Amino acid sequence: MKVSYEEIQAIKDKLRPEFEKSRRATRIGYILFGSLIMVLIFTFLGVTNTMNSSFLSMRQGPNITSFFLYPVIIIIAYGLIQFLYISPKQKEYKSKVKDYINDTIFTSMFDDVSFSSEYGYDESLIRETGLVDLGNRYYSNDFLQGSYKSVNFSRADVLTESETTDSDGHSHTTTLFKGQTYQFKFNKNTQSYVRIRDRSYFLSGKFSKGRKIDSSKPMKFEDQEFNEMFYTVSNDPHEAFYIFTPHFMNRVKNLRRMLGDDISLVVRDSVLYLAVYTDTDSYEISSSREISSEYIEKCIAETSIIKYVVDELNLDSDIYVDNE
């Protein structure tokens, strides 16, 4: 689909009040942050000079506590302004942009659309399916659901992280997954669990083998190329072969090549789950930039993956369901 220049200009006009507020708030944030850095630098230089003077004169210098008073005040003030003014204005603008993306793109591409920029998949769904690895931090937003060619779907951005603290008290954060997750109605009646993930070679892959779900065990198919591309587990190899026919495996390989990013795919109880490790957050726009044709095209491309999955995996085909 294409959005005309006139349509983009109309969207810009509608969003301009929120954009101006967001840009103004962002500039104020930069100014305050720069001021804070300068104060901290001058405070450090002042304390250093005072301590050196006191040492040379062999007498007690002025109380250095006073040097830290102004930075503390500015830090508190910056935090309050950021929390009460800057972030809300930026968030309001970004939310309005996504609302218009929903109205102009999502509703024209799919049926029965609903969208929320605030919410995503519940962590329990990701844990139960074993779609991606989980740590102790979980974030999900930009939840979109609808129907394409009578195939019900949903999608959301997901970020999972693991934060650890070493013996010295230093914290370290490791990203386990950052990308998009999808859920499709799978038109084969399945009762078991099967999962495939991109294989990791010499630490090049982004996915681990994953934890065991529903007593699943490693298995292989007759397609050697597929086995080299993906690590497969299932709790019912017989049904796994029923799902991953040679024809379907070829479609999955083509899908992986088209996406160009590591994937994790789960089929469980007649639902297909897909995670694509893009290392990106979809539909995001800078708080200081207006909507543009490039941004619109990027959103369309990101959303078109839903269509490609349905088409490439032939999820809407009754022939595929009954006869393959």
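These exercises walk through a predicted model. Local features need pLDDT of at least 70, side-chain atom pairs count only at pLDDT 80 or more, and totals for chains, interfaces and linings use all residues. Residues are numbered from 1 along each chain as its sequence is written, and side-chain values use heavy atoms, with hydrogens and water left out.

**Exercise 1.** Classify isoleucine 41 as buried, partly exposed or exposed.

*Solution.* Start with the cut-offs: buried means under 20% relative accessible area, exposed over 50%, partly exposed in between (1.4 Å probe, protein chains only). Isoleucine 41 has a relative accessible area of 41%, so this residue is partly exposed. Next, place it: isoleucine 41 lies in helix 1 (helices are DSSP runs, H or I, of at least four residues, and strands are E runs of at least two, numbered from the N terminus).

**Exercise 2.** Find how many aromatic pairs there are, and classify phenylalanine 106 with tyrosine 283.

*Solution.* Take the rule: rings of Phe, Tyr and Trp (its six-membered ring) pair if their centres lie within 6.5 Å; planes under 30 degrees apart are stacked, over 60 edge-to-face, the rest tilted. The count is 17 aromatic pairs. For phenylalanine 106 and tyrosine 283, the centres are 5.3 Å apart and the planes at 65°, so the pair is edge-to-face. Now locate them: phenylalanine 106 is in helix 2 (residues 65-109), and tyrosine 283 is in the loop between strand 9 (271-276) and helix 7 (293-312). They are 177 residues apart. Both phenylalanine 106 and tyrosine 283 are buried.
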